[in-house]
Amino acid sequence: MAFDAEAASARRRWVTSRVIIYGLLIVFSLIYILPLVVVILNSFRDLPEINHNGLIAWPQSFSLDYWYQAWDTYCVGGTCAGVKGNFFNSLTMTIPATIISTALGAMNGYILSKWKFRGSDALFACVMLGVFVPGQLSLMPWSWLLGRIHLSNSVYGLILIHCVQGLSFTTLFCRNFYVNIPDDLVKAARIDGAGFWRIFWKIIVPISPPILIVTVIWQFTGIWNEFLFGVIFTTGNQQPITAALVALGAGGLSVHAYNVSSAAVLIGALPPLLVYFLGGKYFVRGLTQGAIK
Amino acid sequence: MTTQSIAVPGAGHAGPTWPQRLAQATPFLVLAPSVIATLIYVFVFTGWTIYISLSKSAMFPVSALQGIKPYQDLWANARWNIAFHNLFLYSFLYVVGAMVIGLTLAILIDQRVRAESVWRTIFLYPLAVSFVVTGTVWGWLYSPDTGIQMLVRSIGWSNFTFALTTSKDTAIYAIVITGIWQSSGFAMALFLAGLRAVDPDIIKAAQIDGAGPFRTYSRVVLPTIAPIFIAVLVVLLQFAIKTFDLVVALTGGGPGLATTFPANYVYDMMFQRGQIAQGAAAAMMILAALAVVLVPYSIWLVWRRRREARSV
């Protein structure tokens with residue numbers, strides 16, 4: 001009997017602790033999800049309703065029109081063509097910058113781990129410093145340089161900046177991955193007469209997908225979400241979407257069209273969110289690697 | 001360490017042929033553009049900004065020097081002192097808040113909960129979203145006419161007040177809360193990775209000794225992941241020092257100057273107020289703040305690695 005009572009109380013304790021654990025997780029989850037749900041719902045509600053019931057309320061109306069307006073007709077900083085142009089600017093900037101910086105990072109990482117030379121470790125340490133340099137420090141030099149090569153107020157200027165800035169990250173990621181690959185693999189191939197490129201394509205690239213996915217996700221979300229360079233080096237219809245969203249917020253002081261703004265904000269948030277939901281596991285890996293190494 | 005040690009058949013004593021030389025040089029040729037670009041970015045650009053911070057640059061960069069006057073002006077500027085004070089207050093609250101919540105979430109998820117990946121996905125998604133988006137949306141939620149205050153009042157608590165962003169005294173806390181919301185999932189991910197690496201036998205031993213869950217964590221588990229605490233601290237401090245977009249989107253630095261941060265100050269001085277030298281001086285202060293965090297951290301990392309190498 002005593003044993004039963006003990007088991008029952010242990011069971012009760014277990015149930016209580018489970019209730020507390022899941023209760024806390026649910027409360028936290030609601031806080032985390034709330035802003036996303038609010039923007040999604042408000043992108044479909046009409047403005048009188050929002051103004052009357054507030055932003056955090058269950059929708060009474062539904063229309064896709066605000067998405068259309070945000071995309072195609074809404075006025076951002078003087079021009080009334082929605083955020084589609086800025087969205088495409090962000091794509092035009094992010095995709096090449098991601099591909100170029102990742103490709104170069106992979107080759108650099110390969111060289112700095114498998115073709116070491118005198119001073120290569122010191123060189124790697126210098127390259128790593130680039131990870132920590134704050135953007136503010138390079139603003140004046142970039143602005144001069146972009147002016148000199150006629151890439152001021154241009155998406156291509158931003159591509160250049162993001163490639164150079166991203167190189168440190170991509171090199172770091174890839175080098176730390178390749179360092180853990182046995183040197184014997186490469187040595188054996190070299191004795192067989194394989195050269196630099198052959199080893200790269202036949203041995204390194206085939207084992208690289210995990211690190212390349214991590215790097216691509218890291219670069220894509222980072223460059224897409226970047227704001228400082230976008231707002232300083234581009235204006236108007238050349239701006240990436242992050243800069244345009246701020247212009248949109250600042251412009252609508254009189255009557256704020258929360259529904260259209262919500263749709264615009266979601267358009268700006270969607271690509272990185274998509275990448276996150278599709279490649280979540282790799283996203284987390286990138287974060288932890290970027291942080292701890 | 002050797003790059004060209006393989007004897008190539010057919011190479012006479014006349015030395016390597018041109019194709020062989022090209023093959024030997026390939027790694028250097030491939031590496032060179034990236035390394036040169038990065039070294040310019042890191043050293044030349046930084047040196048350049050140091051030079052500008054000592055120059056007479058105002059509306060446009062000029063090469064005439066004026067010494068440390070921009071730094072003196074900077075520290076004499078009330079706006080900068082507000083920005084600097086804000087950075088300290090924000091960093092402290094943000095780092096402590098994100099670490100406490102991140103650790104709480106990590107420990108909760110570590111209790112063999114169901115659907116672990118769902119919880120993780122929820123807590124981490126803010127990190128995939130730009131600060132601009134986060135700041136804009138939270139700005140709406142803080143706004144008393146549309147957001148949380150309105151919600152609570154509509155439920156029936158008619159004199160409920162929640163208007164952080166409208167007052168100079170409280171606007172900074174709006175940024176703190178939003179910053180914590182954005183980053184605590186990140187702290188969670190790092191803590192969780194640490195918790196998973198703890199040897200399960202240690203935990204079992206503690207439980208056999210009669211330690212409850214609280215004691216097991218506070219006395220046994222958390223001390224073993226102390227290095228993770230330091231890593232999280234350093235990364236969050238870096239985020240805090242670089243805070244810029246969030247403030248621009250959430251409060252625009254206001255009301256008044258209440259939420260001005262050093263990074264906003266740099267932007268204002270360089271691109272709005274035509275005080276480039278002082279802006280560059282402020283940028284150097286951001287670098288100095290980062291160095292204060294990162295230099296001791298790297299020294300500690302090296303020291304730890306050496307100690308581990310010795311003890312093995």
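This passage describes the chains, domains, contacts and core of a predicted model.

Chain A makes a convenient starting point. Its secondary structure consists of 14 helices and zero strands, so that, read from the N terminus, the order of elements is α-α-α-α-α-α-α-α-α-α-α-α-α-α. The radius of gyration of chain A comes to 25 Å, well over the 19 Å that the globule rule gives for 293 residues, so chain A is more spread out than a compact globule. The principal axes give a further view of this chain, with the C-alpha trace spanning about 80 × 75 × 30 Å. Buried residues make up 44% of the 293 residues of chain A. Among the contacts in chain A with a separation of 6 or more, 75% are accounted for by residues 24 or more positions apart.

The domain assignment splits chain A into domain 1, covering 2–66, and domain 2, covering 84–292. The C-alpha centres of these two domains of chain A are 35 Å apart. Where they meet, ten residues of domain 1 of chain A are in contact with eight residues of domain 2 of chain A. On the domain 1 side, α1 (2–42) and α2 (47–53) of chain A each contribute at least two residues, and α1(A) gives the most, with three residues. By residue type, that side of domain 1 of chain A comprises six nonpolar, two polar and two charged residues.

Chain B can be viewed in the same way. Here the assignment gives domain 1 as 16–53 and domain 2 as 69–311, and the centres of the two domains of chain B, taken over C-alpha atoms, are separated by 36 Å. Four residues of domain 1 of chain B are in contact with seven residues of domain 2 of chain B. The side of domain 1 of chain B that touches domain 2 of chain B is made up of two nonpolar residues, two polar residues and no charged ones.

The two chains also touch each other. In this interface, 66 residues of chain A are in contact with 71 residues of chain B. Helix α1(A) provides the largest share of the chain A side, namely ten residues. The residues of chain A that touch chain B divide into 47 nonpolar, 17 polar and two charged. Helix α1(A) thus appears in two settings: it gives the most to the side of domain 1 of chain A that touches domain 2 of chain A, and it supplies the largest share of the side of chain A that touches chain B.

Attention now turns to the interior. The largest nonpolar core holds 164 residues, of which Ala264(A), Ala187(B), Phe191(B), Leu236(B) and Ala282(B) touch the most other members. The largest share of this core, 15 residues, comes from α3(B). For Phe191(B), the contacts beyond its neighbours within four places in sequence are with Gly102(B), Leu103(B), Ala106(B), Ile228(B) and Val232(B). Two of these partners, Ile228(B) and Val232(B), are among the buried residues of α10(B). The other buried residues of that helix include Ala231(B), Val235(B), Leu236(B), Leu237(B), Ala240(B) and Ile241(B). The length of α10 of chain B (residues 226–241) can be checked as well: at 1.5 Å a residue, its 16 residues should span 22 Å, and the 23 Å between its end C-alpha atoms agrees with this.

A few individual residues of chain B complete the account. Arg112(B), located in the loop between α3 (78–109) and α4 (116–124) of chain B, has a positive phi near 50 degrees although it is a residue other than glycine. With 7 other C-beta atoms within 10 Å, Arg112(B) is exposed. Ala115(B), also in the loop between α3 and α4 of chain B, is likewise not a glycine, and its phi is positive at about 50 degrees. Ala115(B) has 9 C-beta neighbours inside 10 Å and therefore counts as exposed. Arg153(B), by contrast, is part of helix α6 (residues 148–155) of chain B. Because 16 other C-beta atoms lie within 10 Å, Arg153(B) is partly exposed. Leaving out residues up to four places away in sequence, Arg153(B) touches Ser158(B) and Phe160(B).

Notes
Residues numbered from 1 in each chain as written. Chains lettered and ligands numbered in written order. Predicted model: local features only at pLDDT ≥ 70, side-chain atom pairs only at ≥ 80, totals over all residues. Domains from an automatic or database assignment. Contact = placed C-beta atoms within 7 Å. Nonpolar A, V, L, I, M, F, W, Y, C, P; charged D, E, K, R; others polar. Helix = DSSP H or I, 4+ residues; strand = E, 2+ residues; numbered from the N terminus. Buried ≥ 20, exposed ≤ 12 C-beta atoms within 10 Å, placed from the backbone. Rg over C-alpha atoms; globule rule 2.2 N^0.38 Å. Core = buried A, V, L, I, M, F, W, Y, C linked by C-beta atoms within 7 Å. Expected span 1.5 Å × (residues − 1).
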